[in-house]
Amino acid sequence: MMYSSRRKPVLYFKEERRFLSGKFTVYKLFGLCMVLGLVSLILLQLSCSGDMSYISSGAMAVARSSHQQQQPCPPETQAGAAASVDDPSWGPHKLALIIPFRERFEELLVFVPFMHAFLNKKKIRHRIFVINQVDHYRFNRASLINVGYAESGNDTDYLAMHDVDLLPLNPALDYGFPEEGPFHVASPELHPLYHYKTYVGGILLLTKKHYNMCNGMSNRFWGWGREDDEFYRRLRKAGLQLFRPSGITTAYKTFRHIHDPAWRKRDQKRIASQKQEQFKVDPEGGLTNLLYQVDSRQEVTISGAPCTIVNTKLDCDQNLTPWCLMA
């Protein structure tokens, strides 16, 4: 396996001491209307920013209901780093940061503003997509990444398959356009947990062209684990060379892992024939047999960082994968 050196308006109001005393004149009425209008604008901006504080208190209405739509924000809020639009030093490429997600709200509140700031410092044009699974089936990370690829739009030309609980701490890590081939940012010698040579999980960058060459990821993996191992085989079958970071000296302290397994256990059950099927290559499945529907889509911000939440319902062919149902 080869390694690559990656390059490496303010309004001022004059004080009126006896504003409401004496006669109630037209001027006083006008002033009162101005104050009320300013308050309304402030409240509208707070609503638009979608600070997502309601997420941590419970059910995340924006992610669960198609009836409660988020107020659209002004274009400058949605744009993220506005300075990047006309600055050639940011480069021509744009990253779709794909986060497969379900009910890990505390981690999301940390991840989105952290990654938005991290990528801005590196001058990486980007959009953050939270692909939130809202159906009754078991979690399917691979299918959600496939949905992210399909829903990321034509303004992005490469993607990052990114776990919500993994934060890059070393600014030397490269998130640039992986033109030569897939770039595994969370390589085995850097990831805090997984160290085997064929590991390609955590954070993997690919051009959309390369992802399409692999037919995306297999949709057979319901529950946690193994989908990235199968994807490693797809990379090899497509004849793609895998690249990893070089010159990173922070080893297993390169990333911060914010998942607490004692508090939130992963679905690692293997049901019926799933035990045997999990080690097989899926030669046909992927983007070509992906079944899903978008329940709702919202543009929100978390602590000033913009992101797109795509509430997704996956579909399951129970004849092929009966283990998609909750145990």
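Does F114 count as buried, partly exposed or exposed, and what is its relative accessibility? In this predicted model, F114 has a relative accessibility of 28% and counts as partly exposed, because that value falls between the 20% below which a residue is buried and the 50% above which a residue is exposed. F118, by contrast, is at 10% relative accessibility and therefore counts as buried.

These two phenylalanines belong to helix 4, where they stand four residues apart and are thus separated by about one helical turn. They form one of the aromatic pairs, of which a search of the whole structure finds nine. The ring centres of F114 and F118 are 6.4 Å apart and the planes meet at 10°, so this pair is stacked. Ring pairs also bring in Y175, which forms a cluster with F114 and F118.

Y175 leads on to the nonpolar interior. In soluble globular proteins, nonpolar side chains tend to be buried together. The largest nonpolar core of this model has 37 residues, and the members that touch the most others are L95 and Y175. Two or more residues come from each of several elements, including strand 1 (95–101), strand 2 (126–133), strand 8 (292–302) and strand 9 (305–314). Helix 4 contributes seven residues, the most of any element.

The contacts of L95 can be followed in detail. Leaving aside residues up to four places away in sequence, L95 touches L119, I124, R125, H126, R127, T156, Y158, L159, A160, Y175 and L205. Y175, the other residue named above for its many core contacts, is thus among the neighbours of L95.

A second core, separate from the one just described, comprises 31 residues, among them V147, Y149, C214 and Y232. Two of these, V147 and Y149, are also among the buried residues of helix 5. In that helix 10 of the 11 residues are buried, so the rest of the structure largely encloses helix 5. The buried residues include R141, N146 and E151 as well as L144 and I145. After helix 5 comes G153, which has a positive phi, near 85°.

Y149 also takes part in an aromatic pair. Its partner is Y211, and the pair is tilted, with 5.1 Å from centre to centre and 40° between the planes. Y149 lies in helix 5 (residues 141–151) and Y211 in helix 6 (residues 208–213), so the pair ties together parts that are 62 residues apart in sequence. Both residues are buried: Y149 has a relative accessible area of 18%, and Y211 is at 0% relative accessibility.

Terms used. Residues numbered from 1 in each chain as written. Predicted model: local features only at pLDDT ≥ 70, side-chain atom pairs only at ≥ 80, totals over all residues. Heavy atoms only, no water. Core = buried A, V, L, I, M, F, W, Y, C linked by side-chain atoms within 4.5 Å. Buried < 20%, exposed > 50% of the residue type's maximum accessible area, 1.4 Å probe, protein only. Contact = heavy atoms within 4.5 Å. Phe/Tyr/Trp six-rings, centres within 6.5 Å; stacked < 30°, edge-to-face > 60°.
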